[in-house]
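I opened this notebook to record what I looked up, entry by entry, and what I found each time.

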Amino acid sequence: MAGRTFAIGDIHGCRIALDVLCDSLGLTGQDTFVVLGDVVDRGPDTRGAIDSLLELQKSCRLILLLGNHEEMMLDAYVSKVNFHRWLMVGGREAMDSYEMRMENIPDSHRAFLKSAVDYYQTETEIYIHANLEPEVPLEKQKPRWLRWEHLTGMEYPHESGKRVLCGHTQQKSGRPLVWDGWVCLDTGAYRGNPLTCLEIETDLVYQADENGKLYSARPLQEIASRR
Ligand SMILES: [Mn+2]
């Protein structure tokens with residue numbers, strides 16, 4: 001049996017939703033699980049979310065993209081100014097899960113964040129955290145676009161013709177946003193919305209929330225909001 005491919009939107013410390021979702025998927029060594037970035041910050045349990053992904057890494061092929069929040073967390077090691085800036089934009093909640101001490105962050109967690117990549121692609125899809133310039137080849141994209149630039153929902157399809165999967169631009173509706181050549185899977189899990197995962201081969205959407213509720217799988221075209 002050929003493996004499945006999943007992309008999951010911004011987790012932001014929602015460990016319970018992540019665990020419920022992943023348990024329901026039954027991932028195996030054949031499957032690829034693409035984490036679109038922003039695993040850390042804002043939500044209740046950054047430490048737990050990273051632990052869960054480290055565990056998941058043992059049972060499937062896990063690809064972690066670098067989100068702007070992972071970037072800020074790694075930069076927090078570099079200077080006090082960075083550290084305090086990060087605390088104000090969600091880092092405080094992350095640090096709470098480590099009892100507010102950088103020394104409590106396990107080396108394995110830091111190494112995991114450092115292993116994150118800028119993008120991932122297949123024959124048919126491109127996976128990024130935030131956004132990209134549609135006319136620029138993936139290899140030449142600027143880090144600022146890939147990690148920080150918000151979507152307008154009116155971007156053109158990428159020049160490669162591949163479908164772009166991304167997170168970062170929070171969909172307060174709790175539904176993925178879809179338009180020509182694009183899918184955004186950041187559904188704002190940390191603010192009470194469901195966490196969203198898409199199975200690429202079937203376009204089925206899987207969702208769970210931080211209360212532990214698992215939603216039934218639904219076709220992307222049914223559940224998505226559109227531009
Ligand atoms: Mn982000």
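Entry 1, strand β6. Which way do R163, L165, V164 and C166 point from β6, and are they buried or exposed? I looked this up in what is a predicted model, and I found that R163 and L165 point one way from β6 whereas V164 and C166 point the other way, with all of them buried. That fits what I would expect in general, since in a regular strand the side chains alternate between the two faces of the sheet.

I then followed the neighbours of β6. On one hand, 3 bridges join β5 to β6, the two strands running parallel, and Y127 has L165 as its bridge partner in β6. On the other hand, 3 bridges join β6 (residues 163–166) to β8 (residues 182–184), and this pair also runs parallel. Within the pairing with β8, I noted W182 as the bridge partner of V164, and C184 as the residue that C166 stands opposite.

Entry 2, the sheet as a whole. I traced an open sheet of 6 strands, in the order β4-β5-β6-β8-β7-β12, with mixed pairing. The edges are taken by β4 (120–121) and β12 (225–226), each of which has a single partner strand, so one side of each is left without a neighbour in the sheet.

Entry 3, strands β1 and β2. Here I found 4 bridges joining β1 (residues 5–8) to β2, which run parallel, and T5 stands opposite T32 in β2. I checked both faces of β2 (residues 32–35) and found them covered, with T32 and V34 buried on one side and F33 and V35 buried on the other.

I spent longer on V35, which lies in strand β2. Why do I count V35 as buried? Its relative accessible area is 0%, and the cut-off for buried is under 20%. Leaving aside neighbours within four places in sequence, I listed I8, I11, L53, L62, I63, L64 and L65 as the contacts of V35. For a sense of distance, I also noted that V35 and G3 are 32 residues apart in sequence and 16 Å apart in space, C-alpha to C-alpha.

Entry 4, the nonpolar cores. The largest core holds 42 residues, and F33, L53 and W86 are the ones that touch the most other members. Of these I followed L53, which, leaving aside its neighbours within four places in sequence, is in contact with I11, L18, F33, V35, V39, L62 and F112. Apart from this core lies another, of 17 residues, among them V34, I63, V183 and L198.

Entry 5, the manganese ion. Which protein atoms are its donors? I found D38 (OD), N68 (OD1), H129 (NE2) and H168 (ND1), lying 2.1 to 2.2 Å from the ion, and along the chain they follow the spacing D-x29-N-x60-H-x38-H. Distant parts of the chain are linked here, as N68 is in helix α3 (residues 68–75) and H129, 61 residues apart from N68, is in the loop between β5 (125–127) and α6 (143–147). I looked up the accessibility of three of the donors: N68 is buried at 4%, H129 is buried at 0%, and D38 is buried at 2%.

I also checked the backbone around D38, which is found in the loop between β2 and α2, and its phi is near 60°, a positive value in a residue other than glycine. D41 is found in the loop between β2 and α2 as well; it has a positive phi of about 75° although it is not a glycine, and it is buried, with a relative accessible area of 0%. I flagged these two angles with the general rule in mind that most residues other than glycine have a negative phi.

Entry 6, helix α3. I found 6 of the 8 residues of α3 buried, so the helix is largely enclosed by the rest of the structure. The buried residues are N68, H69, E70, M72, M73 and L74, and they pack against α4 (80–96), α5 (107–114) and α6.

Entry 7, the largest pocket. About 160 Å³ of space lies in it, and I read its lining as R15, L18, D19, C22, D23, D51, S52, E55, L56 and S59. The elements giving two or more residues to this lining are α1 (15–25) and α2 (46–56), and α1 gives the most, with 5 residues.

Technical notes
Residues numbered from 1 in each chain as written. Predicted model: local features only at pLDDT ≥ 70, side-chain atom pairs only at ≥ 80, totals over all residues. Heavy atoms only, no water. Pairing = 2+ DSSP bridges. Donors = N, O, S within 2.8 Å, 3.2 Å for Na, K, Ca; no water. Buried < 20%, exposed > 50% of the residue type's maximum accessible area, 1.4 Å probe, protein only. Core = buried A, V, L, I, M, F, W, Y, C linked by side-chain atoms within 4.5 Å. Contact = heavy atoms within 4.5 Å. 1 Å grid on protein atoms, 1.4 Å probe; cavity = no way out; pocket = protein on both sides within 12 Å on 5 of 7 lines; lining within 4 Å. Points joined across faces, edges and corners; volume = space filled by probe spheres on them.
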